[in-house]
Amino acid sequence: MIESMNLVILIASILVVVAVFTSLVSFRVGAPLLLVFLFVGLGAGEDGVGGIMFDNAPLAYFIGSIALALILFDSGFETQLRTLKIAAGPSLVLATFGVMITTGVIGGVTWLVLDVPWLVALLFGAIVSSTDAAAVFFLLRVGGINLRDRTRSTLEVESGSNDPMAVFLTISLVELIIMGGGENIALELLQRFIMQIGLGAVFGLAGGYALVWMINRIKLEPGLVPIITMALALSLFGATSILGGSGFLAVYVAGLFAGNSNMKMNVGVRRFQHVTTWLAQIAMFVTLGLLATPSEFGNVIIPGVILALVLVFVARPFAVWLCLMFFNFSRNDTAFISWVGLRGAVSILLAIVPMVEGVPEGQLLFNTAFIVVITSLLLQGWTIRRVAKWLGIIVPARHGPVDRIDLELPGNANQEIVVYRVHEASPVATGQRIPRWARPSLILRDGASLRPHSAGPIQAGDRVYIITPPRHVDLLDQLFAGPAEGANDVELFGDFSFPADTRIADIARLYGFVLDDDDADLTVAQIMERELAGDLELGDRLPYGTVELIVRRTDDEHGVVEVGLAVEQQKNKPKRRIPIFQSRSELIAIWKDWQKRKRAEKDQTGDIDSDAPTEIGYEDIAELSDDRDIADAPDVIDAADPDDVSSDDQTLAEDPSDTKPKAVKSGD
């Protein structure tokens, strides 16, 4: 028995080591790292070189559930309140209605492809309906893809919040299948939804508040604070699940509350959670890889690939378009969000549930879900950066590389000690004045400790210690970091730069372009914010006269701080515009254009049209007045607005004795 335990420990540790070292290959070839972890498990399994026999589905589900709970807690903990405010609406719609739409579409295709009962087909749709938080977070945060804040925030919040919905649908459908269905399945699902999601949200808020209260008021050894935080999160997960709520939603909400509170030892908890989250991801992917039997994939590989392609190119884009239509995302941003719908360990984990609960088609659903996940990671995970470049949605970074260490002050002072190694090309090293609130408390130079007033100008390579509130860290990064890639690119940011409060009239006098009369008293920032709707990002360009105004620097609230000016407008290729994913405003414009064309067709056939003069007489007006009041018929005449009447014609009121038909313009 002891030898067996030692063997398990040895094998498990070797698998972790192999998974970590294979990540080096992943970074070199650009493969999705989590796919590498999955292949490590497959290679160590019974059909791989390792030959390990592992078919304990309940144990795999147990390990995966704990790992997913830790990942979701960390996802919530790392989500800033500012990010949630930016993306709360679209991401929550995607996490609920988007998951249900995807479930329905994939369920219908599964019913046709796998020839299973429709309730089982819907179950498979629920299994693969959610994006994988671990995969999305890794590719966006570690992959270095810099997107507009709204797009990035929507993807991050959606990937962290849609798992509870998929878990709810999967478990509910499994229970309905075991019970043989029900008289009103929709009503039963609604009742379960209110119960699980409602309890999960309430217990998550209560648990997050209790966690912060306990950490802040009970004096603990600093090394124990991250451990008790993780233990309390798992306790909340278990308690909420036992009471009938969604434990996964509870831990995500608790992490969201705790991460945005003034919790003691916040920096230490974050650092510890980064370690545990990586370990949880490795454990979950390797375990699920061990559970799979690739020799059984032959019968489902074609249906699995078909379902994966339908998911990637039909179900996910359709769901994203319907959900984001009313939030006025650009077509390219909507297309990218639909592409970053990677399926991962959550789908495989949920595919274990039918096997554990004894659903006859359980093994079929598990094998098919495995094929879908591998196809998704290969197709989408390997191409995210290329698709982002192709769509033209990558924006310049706000600052370049930064060497920073965060240290937390003891107590609950809501202050941190931030240590920077000054980059040789940073603004501070090149002579920019340090704001008063960013003055260092200590400077280390060539191994010697110097006080700021005796150290002289800060030099490249200095280590500076600054005591600051956490909210100022991003601003400090811009002072001590190296320049962003392309930060001084004339083609990208223009030939000259001006403060945002510079009047456009002053720039017009300098460079001799024509100024609109209404803009004489406006600043360049006001003009750009007026013309460029939505959040402004670095590199946004606005043609004005013979020059181009360019957003060169913004603050944390996306307000323009510095504007670049290109003397000659770039003759770039037009931005790629895909023919689908129209937003609400575009659909309204299409509808109005269609109505306008219909009115034009009616006008050509002699019908009354609102856009052209129409010959009508008193008899026509009298006939209309029998049905409705003339004042309610703007398509006929608007007597309250004489300006709408053509100057070449006289109004009917001027000569009531004249019965000759007059030309009257519509008041529309």
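**Exercise 1. Salt bridges inside and around helix 7**

Under the rule that a salt bridge is a side-chain nitrogen of Lys or Arg within 4 Å of a carboxyl oxygen of Asp or Glu, the count comes to 10 salt bridges. A word on the model before we look at some of them: it is predicted, so local features need pLDDT of at least 70 and side-chain atom pairs count only at pLDDT 80 or more, while totals for chains, interfaces and linings use all residues. Residues are numbered from 1 along each chain as its sequence is written, and side-chain values use heavy atoms, with hydrogens and water left out.

Task: find which residue forms a salt bridge with Glu 156, and decide whether Glu 156 is buried or exposed.

Solution.
- Step 1: The partner is Arg 152, and the closest N and O atoms are 3.7 Å apart.
- Step 2: Both residues belong to helix 7 (residues 149–161), where they are 4 residues apart, about one turn of the helix. Helices here are DSSP runs (H or I, at least four residues), as are strands (E, at least two), numbered from the N terminus.
- Step 3: Buried means under 20% relative accessible area, exposed over 50%, and partly exposed in between (1.4 Å probe, protein chains only). Glu 156 has 8% relative accessibility and therefore counts as buried; Arg 152, at 16%, counts as buried too.

Task: now find where the partners Glu 158 and Arg 316 lie.

Solution.
- Step 1: Their side chains meet in a salt bridge of 2.8 Å, N to O.
- Step 2: Glu 158 is in helix 7 and Arg 316 in helix 13 (residues 301–324), so the pair links distant parts of the chain, 158 residues apart.
- Step 3: Glu 158 is buried because its relative accessibility is 2%, and Arg 316 is buried at 5%.

**Exercise 2. A salt-bridge network**

Task: work out which residues are linked in a network with Arg 503.

Solution.
- Step 1: Start with Arg 503 and Asp 521, whose side chains meet in a salt bridge (3.8 Å, N to O).
- Step 2: Arg 503 sits in the loop between strand 6 (496–499) and helix 21 (504–511), and Asp 521 in the loop between helix 21 and helix 22 (524–531), so the pair ties together parts 18 residues apart in sequence.
- Step 3: Arg 503 is partly exposed at 31% relative accessibility, whereas Asp 521 is exposed at 65%.
- Step 4: The network of salt bridges links Arg 503, Asp 506, Arg 509 and Asp 521.

**Exercise 3. Helix 14 against helix 17**

Task: describe how helix 14 and helix 17 are oriented to each other, and name the residues that meet.

Solution.
- Step 1: Helix 14 (residues 331–339) and helix 17 (residues 384–391) pack at about 170°, with axes 10 Å apart. Axes are lines fitted to C-alpha atoms, for helices over the stretch in contact, and angles run from 0 to 180 degrees between N-to-C directions.
- Step 2: Angles under 35 degrees count as roughly parallel, over 145 as roughly antiparallel, 65 to 115 as roughly perpendicular and the rest as oblique. Helix 14 and helix 17 are therefore roughly antiparallel.
- Step 3: Contact means heavy atoms within 4.5 Å. Asn 332, Ala 335, Phe 336 and Trp 339 in helix 14 meet Ile 384, Val 387, Ala 388 and Leu 391 in helix 17.
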